[in-house]
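Here's a quick briefing to help you find your way around a protein model. Have a look at the sequence and the 3D view, then work through the points below.

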Amino acid sequence: MTSPTESGPVLDAASPLPPEIEAADEPTRVPLAIEDWATVLIMGLLACITFANVLVRYFTDSSFAWTEEFSVFLMILLALVAGSAAVARDRHIRIEYFAESGSMARRKRLAQFGAITVALLFLLIGALSVRVVWDDYRFEETSPGIGVPQWWYSIWLPIVSFAIALRALGLFIRRGRKTNYGDSQR
């Protein structure tokens with residue numbers, strides 16, 4: 001609902017933008033197109049793999065053994081890449097009642113607190129997963145489905161985790177500079 005003092009529709013993070021409002025990302029040093037194109041490529045690979053497997057199953061009553069393992073890996077990678085894009089765009093999950101209420105200073109502190117905790121979490125995940133990758137490499141672990149080296153899959157967790165942490169640090173810096181946090185008439 002809109003109040004008489006508001007000039008337009010109230011949007012939350014889940015609302016689609018009306019056509020008269022252009023969707024614009026905040027300027028970042030590292031282009032957000034990286035995550036966007038990675039998402040497109042991963043989704044395209046998933047679609048092709050799944051479609052090929054459906055065709056093979058339909059015509060031969062058997063399937064490619066590698067498709068399930070590789071599809072699960074791609075879905076996990078997709079979730080991480082999308083998480084990076086969500087952090088960079090400040091579209092991560094939060095309770096809007098708390099994040100968007102109160103004074104401008106409170107909203108700024110909460111935005112910075114959220115960004116720094118995300119950065120710390122993914123720095124920790126990245127640091128701990130380096131050990132997992134090293135163990136997979138050192139002990140020559142192989143994947144259960146097709147027998148490729150397990151580190152081919154696990155190497156992406158620390159890489160993307162550190163990328164998410166860097167995106168969160170960038171968000172922390174941008175939120176430190178930002179002065180307008182929503183409608184100041186609340």
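The chain has 6 helices and 0 strands, counting DSSP runs numbered from the N terminus (H or I, at least four residues, for helices; E, at least two, for strands). From the N terminus on, the order is simply α-α-α-α-α-α. This is a predicted model, where local features need pLDDT of at least 70 and side-chain atom pairs count only at pLDDT 80 or more, while totals for chains, interfaces and linings use all residues. Residues are numbered from 1 along each chain as its sequence is written, and side-chain values use heavy atoms, with hydrogens and water left out.

**Confidence**
- The mean pLDDT (the predictor's confidence in each residue, from 0 to 100) is 85 for the chain, and 82% of its residues reach 70 or more.
- Helix α3 (residues 96-99) has the lowest confidence, with a mean of 80, while α5 has the highest, at 96.

**The chain as a whole**
- Of the 186 residues in the chain, 26% are buried; buried means under 20% relative accessible area, exposed means over 50%, and partly exposed is in between (1.4 Å probe, protein chains only).
- Take the contacts (heavy atoms within 4.5 Å) with a separation of 6 or more: 68% of them join residues 24 or more positions apart.

**Helix α1**
- The 28 residues of α1 should span 40 Å at 1.5 Å a residue, and the end C-alpha atoms are indeed 40 Å apart; the expected span is 1.5 Å times one less than the number of residues.
- Buried residues here are Glu35, Ile42, Leu46, Ile49, Asn53 and Val56, and they pack against α2 and α6.
- Phe51 also sits in α1 (residues 33-60), but this residue counts as exposed because its relative accessibility is 53%.
- Phe51 joins Leu55, Tyr58 and Phe59 in a nonpolar surface patch with about 520 Å² of accessible area together.
- Patches take residues with over 30% relative accessible area and no salt bridge, joining like charges within 9 Å and nonpolar side chains (Val, Leu, Ile, Met, Phe, Trp, Tyr) within 5 Å.
- Right after α1 comes Asp61, which has a positive phi, near 60 degrees.

**Helix α6**
- Helix α6 (residues 156-177) has 22 residues and reaches 32 Å from first C-alpha to last, close to the expected 32 Å.
- Its buried residues, including Ile164, Ala168 and Leu171, pack against α1, α2 (66-88), α4 (104-138) and α5 (151-154).

**Salt bridges**
- The whole structure has 9 salt bridges, each a side-chain nitrogen of Lys or Arg within 4 Å of a carboxyl oxygen of Asp or Glu.
- Arg174 pairs with Glu26, with their closest N and O atoms 3.5 Å apart. Arg174 is in helix α6 and Glu26 in the segment before α1, so this pair ties together parts 148 residues apart in sequence.
- Arg89 and Asp36 meet in another salt bridge (2.8 Å, N to O). Arg89 is in the loop between α2 and α3 and Asp36 in helix α1, so parts 53 residues apart in sequence are tied together.
- Arg175 and Asp90 form one too (3.0 Å, N to O). With Arg175 in helix α6 and Asp90 in the loop between α2 and α3, the pair ties together parts 85 residues apart in sequence.
- Arg175 is buried at 4% relative accessible area, and Asp90 counts as buried at 15%.
- Glu26, Asp90, Arg94, Glu96, Arg174 and Arg175 are linked in a salt-bridge network.

How values were computed. Areas by Shrake-Rupley, 256 points an atom, 1.4 Å probe, with all protein chains shown as cover.
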